[in-house]
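Student: I'd like to go through this one slowly and ask why each label is deserved. Can you set the values against the definitions for me?

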Amino acid sequence: MNLSLALWLTQDAVVNGAVYALLALALIVVYTVTRVIFVPQGEFISFAALSLATLQNGKVPGTVHLLIATGLVVAVLDGWRMAKTRDFSRLPRLVLFNIALPLAVAALAWWSASRPTDVWLQVLVTLGIVIPFGSMIYRLAYQPLASASILVLLIVSVAVHYMMVGLGLVFFGGEGLRASIFPGFNFDVGILTISLQSIGIVLSSVVLMVVLWLYFGYTVYGKALRATAMNRIGSRLVGISTEFSGKLSFTLAALIGAISGILIAPITTVYYDTGFLIALKGFVGAIIGGMGSYPIAAVGSLLVGFLESYSSFWASSFKESIIFTLIIPVLLWRSLGKHRIEEEEEE
Amino acid sequence: MNPWLPVGGLVAVLLAAPLALSEFQIVLLNYIGLASIVALGLVLLTGIAGLMSFGQAAFVGVAAYTSAVLTTQYNMSPWLTLPVALVLTGTLALAIGAITLRLSGHYLPLGTIAWGIAIFYLFGNLEILGKYSGVAGIPSINLFGLELGGARELYYLIWLMTIGASIAVRNLLDSRSGRAIRALKNRVTMAESFGIDTARMKIVIFLYAALLAALSGWLYAHFLRYVSPQPFNLNSGIDYLFMAVIGGSGAVWGAVLGASILTLLKEWLKDLLPYLMPQSGNYETVVFGFMVVLFLHRTREGVIPYLTRLMPRKDKPRPSLEVAALPRRAQPEAGGTLLSIDQASKSFGALQAVSNVSFEMRSDEILAVIGPNGAGKSTLFNLVSGVLPVSSGRISFLDQRIDRMTGREAARLGIVRTFQHVNLMKNMSVLENVALGAHLRSSSGVVASSLRLERAEEARIMAEAARQLDRIGLGDRLHDPAGTLPLGAQRLIEIARALAADPVLLLLDEPAAGLRHLEKKALAALLNDLRKSGVSILLVEHDMEFVMGLVDRVIVLNFGQKIAEGTPREVQSNPAVIDAYLGGIE
C-alpha cells in the first residue's frame, strides 16, 4: 500500500463515516426520546435516493402514492378519534399535514418529473416526499404502543422495516439506480484527488450536526425533546406530550435519512435494500456512543468508516463480517465501563 | 384451569392429525414443530429472563451441519451425531455466552446479531460445509428398525420432542430455578441479595436455549436431508424472535402458538397474494410486516396472555404444611458482637453519602438507624447488605470482613434485607415471591427441575413460604399476583420473603411505611417474636412512634455522619437530634 492509496482510502472512510455519523445521530435521537431502536432508518435513505433518481428519469416515484395513502390512513384514524371525542380543534392541522401536504408534494413531483434538469426542485420534492413519513410512521406503528417494552418496540421496528423494504422493491424494482446532482468536479491536493461530491457530503454532515446541536441546545422544541429523553414521566407532567416528542423525533430521523439519501445518491448505486446495511453501520456507531453520546457516536461512526474502507481493500468479501465481528470487543468494552446495576424497568 | 387440559387436547389432536391431513400439511406441521422448539428457548431467554437474542438460527445451523457432515462423510448414525451436535453447540454457546451475556441492555441484541451474521458467513465459506451449495444426501433417522424417511413418519418424532421440550420448560419455570430465572428480568439486585448467582443463571439458560435450537437443527437436517446456509441466516433468527413475541413470550405455549401463527401466515400469504394481486408477487413481506404490527397493537403481550385472561382463573390448593421443614442455620450466641462498623465511608463522586460512621450491634438486638431524608441511611444499608462496596473503612459480621462482599456472599452468611422501594415480582404469586427467599436453603438445579425430580424439596420450600405468609397474616392471599396487593401488604411480603431465607441479621428498610396503625402494632409484635427466636434486626425507619416503642438502641445519622447513639429515650432528648429533625434556630 502506498501513500496515495492510503489517502484515497482515508477519504473514502471519512465520507462514509460522515454519513454513518448522521444516521447514528438520528438513531440516538429516536432511541432516547421514544425507546424505539429504529431499524427502518435506512429505508429513508433508500426511499430518498431512489425517489430522486426516479424523478431524474422523468417519472413520478411510487413513494408519492404511498405518501398520499399513508396520509389518508392517518387522517381517517385521527379523524375518527376526533369524531368520537367531538373535539375538532385540531382538524385543520390534521388535514393540512396528512392530506393537503401530500397532495401538494404529489403535484410538485408531477411537475418536477417533466423538468429532469431542475436538480434543486428534485431535491426539494424528495425532501417533501420522505420527511412527512417520519411522523406518519410514528403515528401508525409506534404511538399505540408508546408504553410497551423495548422488545415489543424492536419487533415492531423489524416489521416496519420488512414493510418498507417490500414496498421499496415494489416501487423501484430490483435494479439499482444512481442520481447525479452536480456535474462531476475533481481537484487535486498534492497526490490526492478530491471530488466535489465528497466535500459536499462531509460539509453537509458537519453543518447538519451543528444545526442539530443548536436546535437541541437553544430552542424550546429541542429542549423538550431532551427533557423527554431524560425523563418521560417528568416531561409529561410539565406538559410535553409523549405523542408530540415522538412525532418530532421521527420527523428529525426522516429528515436526516432523506438528506443522507440525497447525499449518497450520486456516489453509489442505491438498491431498494441498500439503506438497511448503511443504517446498520450507523447503528454500530450509535452503539459505540452507548446510544446516548452524540460526539462519541460520531467518532465511532468514523471508526466504522475506516474499518470498512480498509477491510474492503484487504479482504473485500469479508468486509461486512469483519465490521460486525469487530464490534463485539467494542460492545464488551462499553458494557464493562458501565455502572454495574442498571436502571430497572418496571414490569 | 387444569394446566394439563390443553396439553392433553393438543396431544390428542396431534396424534389424530396425520390421519386426516395431506402430505403437504404434514410437512407444514413438521416445520411448526421444529420452529416451536427454537422459539421455546427464546421464550425462556427473552420472555422470561429478558435477554434478547437474534442469533438462535445460527445454533440451529451448527447442529444441522454437524449432523450433516458426520453422517454423510463419516457414515455415523444420526443417533450418535445427536449427542455430538448437542455438545458442539453447547460448547459454542458457552463460549459465545461468556462474551455476549456480559453485555447489557440493548448491547446484547446487537451482539447476537453480530455473531449470528459471523456464523452464517462461516457456513457459506467453509469448504467442508459445501460452501453456499450446502450438504446433500443426509440419511434419515432409523428408530428401532423403522426408517423415518418421509414427513409422515418423522412427524411423530418431531412432535414428541416439541411436546417434551415444552413440558420440560414449563416444569422448569415452576421451580426453584424458574423463580430465579424470572428474577433475571429487572430484578437482578434483589435476586443477588437472596443468593442467586445471576451471571451463572444467565449462562445456564442461554445454554438451555442453544441446546433446544440444536435439537431442532438435528431434526431439521434429517427431515430435509439437505442443509444449506440460507435457513440459518439473520432473517430466520428474527423470525424465531417474532414467533416468541407474537405467541406470548412470557408463556411456554406461546412458542408453539407463535410458531404456528407465523408459519401458517407466511404460507397463506404465499398462496393468497398472487391470487389477489396477480401483477406483482412482492407484497409478501409488506403484508407480513403489517400483520405483525397489527398483532402487537391488539395484543402486545402476545396471544397466550390474551387468551388466558379470557379463561376463568382457578386457584391452586394451599401447599401442605405436613412436610419436613427446610434446614435452619445455627443462630449465633445471644449477646455477642454481631455487626461491627468501623469508620465506614461511601462517596459517589463528590457526594459523601456516608462518612466515618462507626457502631457495633449485638446479636438478639433490635437496632434502628434514623435520620432525616438524605441522611445516608439507605446507603449505609446497601453497604452492610453488600449491594455497594465501601469507599473506606471496615465492616465485619461475626468477625468476618464483609465490606467488599457482594450481596450474594452476604446472603450466604445470613444477612437478608428488604427494600425501601418494594422489589417484588409483580406478576408472580405472593407464595412464589416468598419462596424465592428460600433459594439458598435448597439446591435443585435446572435439569432436576425440568424433569420434575425435585418435587419433594419444592414441597418443603412451598410449605416454608406458606408458613412465613401465615406468620405475617397474608395466609389467605397465597396465589394472588403480588402486584395486586396494597402497598402495605407488599411490604409485609418483602419481610416474609426475607424470613424464608432464615436470616441471622435481618435488615429492614422502612418496614412500617404505608402500614396502618393496627398493622404497625402487628408488625412490632412480629419483630419482637423474631428477636426472641434469635434473629437480630437492623432497621431504617422514619416512623418515630414505631421505632421508640420497639427498638433497644437508636443510631441517628445526618448528612452521612453519626450524630447520636443511645436508647430511644436518650436520643429523643439529645439537642443535636432535635436540631436535625426540627431545624436549628440560627
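Tutor: Here is a short run of questions and answers on a predicted model.

Student: Let's start with the sheet in chain B. What makes strand 10 and strand 14 its edges?

Tutor: The sheet is an open one of six strands, ordered 10-11-12-7-13-14. Strand 10 (415-417) and strand 14 (561-566) each have a single partner strand, so one side of each has no neighbour in the sheet. Neighbouring strands here are turned against each other by 20° on average, direction ignored.

Student: How do you know that strand 7 and strand 13 of chain B pair?

Tutor: Pairing asks for at least two bridges, and strand 7 (residues 366-370) and strand 13 (residues 553-558) of chain B have four, in the parallel sense. Among them, B:Val369 is bridged to B:Ile555, and B:Ile370 has B:Val556 as its bridge partner. So by that cut-off of at least two bridges, they pair.

Student: And why is the pairing of the sheet called mixed?

Tutor: Strand 7 and strand 13 of chain B run in the parallel sense, whereas strand 13 and strand 14 of chain B pair in the antiparallel sense over five bridges. With both senses present, the pairing is mixed. One bridge between strand 13 and strand 14 joins B:Asn558 to B:Gln561.

Student: What sits between strand 13 and strand 14 of chain B?

Tutor: Two residues, and the strands form a hairpin there. B:Phe559 in the turn has a positive phi of about 50°.

Student: Which strands does helix 14 of chain B touch?

Tutor: Helix 14 (residues 377-384) packs on the sheet and touches strand 7, strand 10, strand 11 (505-509), strand 12 (536-540) and strand 13 of chain B. Its direction makes about 150° with that of strand 11 of chain B. Helix 20 (residues 517-532) of chain B packs on the sheet too, touching strand 7, strand 11 and strand 12, and makes about 145° with strand 12 of chain B.

Student: Staying in chain B, what makes helix 7 count as mostly covered?

Tutor: A residue is buried if 20 or more other C-beta atoms lie within 10 Å of its own. In helix 7 (residues 176-183) of chain B, eight of eight residues are buried. They include B:Arg176, B:Arg179 and B:Arg182, along with B:Ala180 and B:Ile181. So the helix is mostly covered.

Student: How many residues does each domain of chain B bring to the contact between domain 1 and domain 2?

Tutor: The assignment gives domain 1 (24-232) and domain 2 (337-414 + 502-582), with C-alpha centres 48 Å apart. Six residues of domain 1 and seven of domain 2 make the contact. The domain 1 side has one nonpolar, three polar and two charged residues.

Student: Over to chain A. What describes the packing of helix 3 and helix 5?

Tutor: Two packed helices are described by the angle and the distance between their axes. For helix 3 (residues 62-85) and helix 5 (residues 119-142) of chain A, the values are about 35° and 10 Å. The crossing is left-handed. The meeting residues include A:Leu67, A:Gly71 and A:Val74 in helix 3 and A:Phe133, A:Met136 and A:Arg139 in helix 5. By class, the contact has nine nonpolar, three polar and one charged.

Student: How many helices does chain A have, and what share of its residues is buried?

Tutor: Chain A has 13 helices and two strands, and 46% of its 347 residues are buried.

Key: Residues are numbered from 1 along each chain as its sequence is written. Chains are lettered from A and ligands numbered from 1 in the order in which they are written. This is a predicted model: local features need pLDDT of at least 70, side-chain atom pairs count only at pLDDT 80 or more; totals for chains, interfaces and linings use all residues. Axes are lines fitted to C-alpha atoms, for helices over the stretch in contact, and angles run from 0 to 180 degrees between N-to-C directions. Two residues are in contact if their C-beta atoms, placed from the backbone, lie within 7 Å. A crossing is left-handed if the near helix is turned anticlockwise from the far one by less than a right angle, and right-handed if clockwise. Ala, Val, Leu, Ile, Met, Phe, Trp, Tyr, Cys and Pro count as nonpolar, Asp, Glu, Lys and Arg as charged, and the others, Gly among them, as polar. A residue is buried if 20 or more other C-beta atoms lie within 10 Å of its own, exposed if 12 or fewer, and partly exposed in between; C-beta atoms are placed from the backbone. Domain bounds come from an automatic or database domain assignment.
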